[in-house]
Structure formats: structure tokens, C-alpha cells
Amino acid sequence: MIDFGPKLKCLREGSHLTQTQVAQQLGCTPSMVSAYEASIRRPSYENLINLARLYHVTTDYLLGLDSKSALDTAGLTVSEINALSSLIDVMANKK
């Protein structure tokens, strides 16, 4: 689980959540979330799945097995998804 802790912290901060808010979602303590982010402890399978759901990414992404994060496009129209896809392509190909 290389970069697991920093990845979790980045996802949390990008979601504008506190460790306390994440802990409430997981049903654990803020110190447990802190230990995950500091790579001191590893989450249970249940918490790993809940973290993936919370941040809308795959467990493979969290574990470093996949470098692509998933985007939740639920509620978007086809044209909105296409526009988002085009924007991602432009940003990925900038040099």
C-alpha cells in the first residue's frame, strides 16, 4: 500500500472534510483516520471499502493498483459526461 496514507489525506482535503467527519462516516475515531493518513495503521476491509465509497474511487486506486481514480457521473446528462470527458482529455494532454 505505497502512498496509501498521503493519498487518503489528499482525497480528504480535496473533499473538504475533516478527520472527524471522515471518522463519523466510517464509525471510527478521528485518531484512527489520522493513523491511516500517517500510514501507521491500515484500515479493515470494511473501512477500505467505505473509504472508496466516500471518496468515489476504487479500492484498487486506494491500494495503488490502479493509477486512475473513478469519477462519479451519476446524475449527469450524456452531454455533461461528454463535456467532462473532453475537459479531462485536454488537461491530461497539456504540455
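This tour moves through a predicted model from the whole chain to selected residues.

**The whole chain**

Begin with the entire protein chain in a cartoon view. Its secondary structure consists of six helices and zero strands, and reading along the sequence gives the pattern α-α-α-α-α-α. The C-alpha trace extends about 40 × 30 × 20 Å along its principal axes.

Next, display the surface. About 6,700 Å² of the protein chain is exposed, and carbon and sulfur atoms supply 54% of that area. Of the 95 residues, 23% count as buried. If contacts are drawn, those with a separation of 6 or more in the protein chain may be considered: residues 24 or more positions apart account for 44% of them.

Colouring by charge adds a further view. The protein chain has 9 positive and 9 negative charges, and the mean positions of the two sets lie 6 Å apart.

**First stop: R12 and E37**

Select R12 and E37 and show their side chains. The two residues form a salt bridge, with their closest N and O atoms 2.5 Å apart. R12 belongs to helix α1 (residues 4–14) and E37 to helix α3 (residues 30–37), so the pair ties together parts that are 25 residues apart in sequence. Is this pair, R12 and E37, buried or exposed? Both residues are buried. How many salt bridges does the structure contain in total? The count comes to one.

**Second stop: the cysteines C10 and C28**

Now select C10 and C28. A search of the whole structure finds zero disulfides. C10 takes part in none, and the nearest cysteine sulfur, that of C28, is 19 Å away. Likewise, C28 is in no disulfide, the sulfur of C10 being the nearest cysteine sulfur at 19 Å. A disulfide would require the two sulfur atoms to be within 2.5 Å. With the surface switched on, the surroundings of each cysteine can be examined: C10 counts as exposed at 55% relative accessibility, while C28 counts as partly exposed at 21%.

**Third stop: H16 and H56**

Turn to the backbone and select H16. This residue is in the loop between α1 and α2 (19–26). The phi of H16 is near 55 degrees, a positive value in a residue other than glycine. Most residues other than glycine have a negative phi, which is the background for this stop. H16 is exposed, with a relative accessible area of 70%.

Then move to H56, in the loop between α4 and α5. H56 also has a positive phi, of about 60 degrees, although it is not a glycine. At 43% relative accessibility, H56 counts as partly exposed.

**Fourth stop: V57**

Keep the view on the loop between α4 and α5 (59–63) and select V57, which lies there. Is V57 buried or exposed? V57 is buried, with a relative accessible area of 9%. To place V57 within the chain, draw a distance to P30: the two residues are 27 positions apart along the chain, and their C-alpha atoms are separated by 21 Å.

**Fifth stop: helix α4**

Select helix α4 (residues 45–55), which holds N47. N47 has a relative accessibility of 10% and therefore counts as buried, the limit being under 20%. Which residues does N47 touch beyond its neighbours within four places in sequence? N47 is in contact with L26 and Y36.

Add I49, which is also found in helix α4. I49 is partly exposed, with a relative accessible area of 38%. A distance drawn from I49 to L26 joins residues 23 apart along the chain, with 9.8 Å between their C-alpha atoms. L26 thus appears twice at this stop, as a contact of N47 and as the far end of the distance from I49.

**Last stop: N82**

Finish by selecting N82 in helix α6 (residues 78–92). N82 is partly exposed, with a relative accessible area of 45%. A line from N82 to Q25 joins two residues that are 57 apart along the chain, and their C-alpha atoms are separated by 32 Å.

Definitions and conventions: Residues are numbered from 1 along each chain as its sequence is written. This is a predicted model: local features need pLDDT of at least 70, side-chain atom pairs count only at pLDDT 80 or more; totals for chains, interfaces and linings use all residues. Side-chain values use heavy atoms; hydrogens and water are left out. A salt bridge is a side-chain nitrogen of Lys or Arg within 4 Å of a carboxyl oxygen of Asp or Glu. Helices (H or I, at least four residues) and strands (E, at least two) are DSSP runs, numbered from the N terminus. Buried means under 20% relative accessible area, exposed over 50%, partly exposed in between (1.4 Å probe, protein chains only). Contact means heavy atoms within 4.5 Å. Accessible areas come from the Shrake-Rupley method with a 1.4 Å probe; for residues, only the protein chains shown count as cover. Lys and Arg count as positive and Asp and Glu as negative; His and the chain ends are not counted. The place of a charge is taken as NZ of Lys, CZ of Arg, CG of Asp or CD of Glu.
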